[in-house]
Amino acid sequence: MDKKLFEQELGLFIRNARKKKNLSQEQLAAFANCGLSHIGTVERGEKGISFYNLYKIARVLDIDINKFIKEIE
């Protein structure tokens, strides 16, 4: 899988997980202490994400960080 496709798949996974928790992008950004615009660009697959920010998002969404990788492979 190339980098762009990986970023798109990861972003889609994050968006779906966020919606399952009934969180807005604004709420996820606040709870994970990430910028709102960053959440949007990551969910759209326009930008990568640092491991630390992925970790923070996973904690807010109550998802094991390993699941992010397993689900998009």
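Throughout, a residue is called buried when its relative accessible area is under 20%, exposed when that value is over 50%, and partly exposed in between (1.4 Å probe, protein chains only). Glu-43 sits firmly in the first class: at 2% relative accessibility, it counts as buried. The structure is a predicted model, in which local features need pLDDT of at least 70 and side-chain atom pairs count only at pLDDT 80 or more, while totals for chains, interfaces and linings use all residues. Residues are numbered from 1 along each chain as its sequence is written, and side-chain values use heavy atoms, with hydrogens and water left out.

Salt bridges come first. Here the term stands for a side-chain nitrogen of Lys or Arg within 4 Å of a carboxyl oxygen of Asp or Glu, and by this rule the count comes to 4. One of them joins buried Glu-43 to Arg-15, with 3.4 Å between the closest N and O atoms. Since Glu-43 belongs to helix H3 and Arg-15 to helix H1, the pair ties together parts that are 28 residues apart in sequence. (Helices are DSSP runs of H or I with at least four residues, strands are runs of E with at least two, and both are numbered from the N terminus.) Unlike Glu-43, which is buried, Arg-15 is partly exposed, with a relative accessible area of 23%. The pair does not stand alone, as Arg-15, Arg-18 and Glu-43 are linked in a network of salt bridges.

Another salt bridge stays inside helix H1: the side chains of Glu-7 and Lys-3 meet at 3.9 Å, N to O. These two are 4 residues apart in H1, so about one helical turn separates them. That fits the usual geometry, because an α-helix has 3.6 residues a turn and residues three or four places apart point the same way. The partners differ in their surroundings: Glu-7 counts as buried at 13% relative accessibility, whereas Lys-3 is exposed at 63%. A further salt bridge pairs Arg-44 with Glu-46, whose closest N and O atoms are 3.0 Å apart. Both of these residues are partly exposed, Arg-44 with a relative accessible area of 44% and Glu-46 with 49%.

Helix H4 (residues 51-61) has a buried side and a surface patch to look at. Asn-53, Leu-54, Lys-56, Ile-57, Ala-58 and Leu-61 are its buried residues. What covers them includes helix H1 (3-20), helix H2 (25-32), helix H3 (36-43) and helix H5 (65-72). Lys-56 is the odd one to find on that list: Lys-56 is buried yet has no salt bridge, and the nearest side chain of opposite charge, Glu-43, is 15 Å away. (For charge, Lys and Arg count as positive and Asp and Glu as negative, with His and the chain ends not counted.) Leaving aside neighbours within four places in sequence, Lys-56 is in contact (heavy atoms within 4.5 Å) with Ala-32, Asn-33 and Cys-34.

On the surface, Phe-51, Tyr-52 and Tyr-55 form a nonpolar patch with about 380 Å² of accessible area together. Patches are made of residues with over 30% relative accessible area and no salt bridge, joined within 9 Å for like charges and within 5 Å for nonpolar side chains (Val, Leu, Ile, Met, Phe, Trp, Tyr). The areas come from the Shrake-Rupley method with a 1.4 Å probe, and for residues only the protein chains shown count as cover. Phe-51, part of helix H4, counts as exposed at 60% relative accessibility.

Next, the backbone. Most residues other than glycine have a negative phi, and most peptide bonds are trans. Asn-33 has a positive phi of about 55° although it is not a glycine. This residue is found in the loop between H2 and H3 and counts as exposed, at 65% relative accessibility. Asp-62, also not a glycine, has a positive phi of about 55° as well. Its place is just after H4, in the loop between H4 and H5, and at 62% relative accessibility Asp-62 counts as exposed.

Finally, Gln-27 lies in helix H2 and is partly exposed, at 34% relative accessibility. A polar atom of the Gln-27 side chain lies 2.8 Å from the backbone nitrogen of Ser-24. The C-alpha atoms of Gln-27 and Lys-4, 23 residues apart along the chain, are separated by 26 Å.

Technical notes
A polar contact is a pair of N or O atoms within 3.5 Å; within protein, one must be able to donate a hydrogen and the other to accept it, and residues adjacent in sequence count only if both atoms are side-chain atoms.
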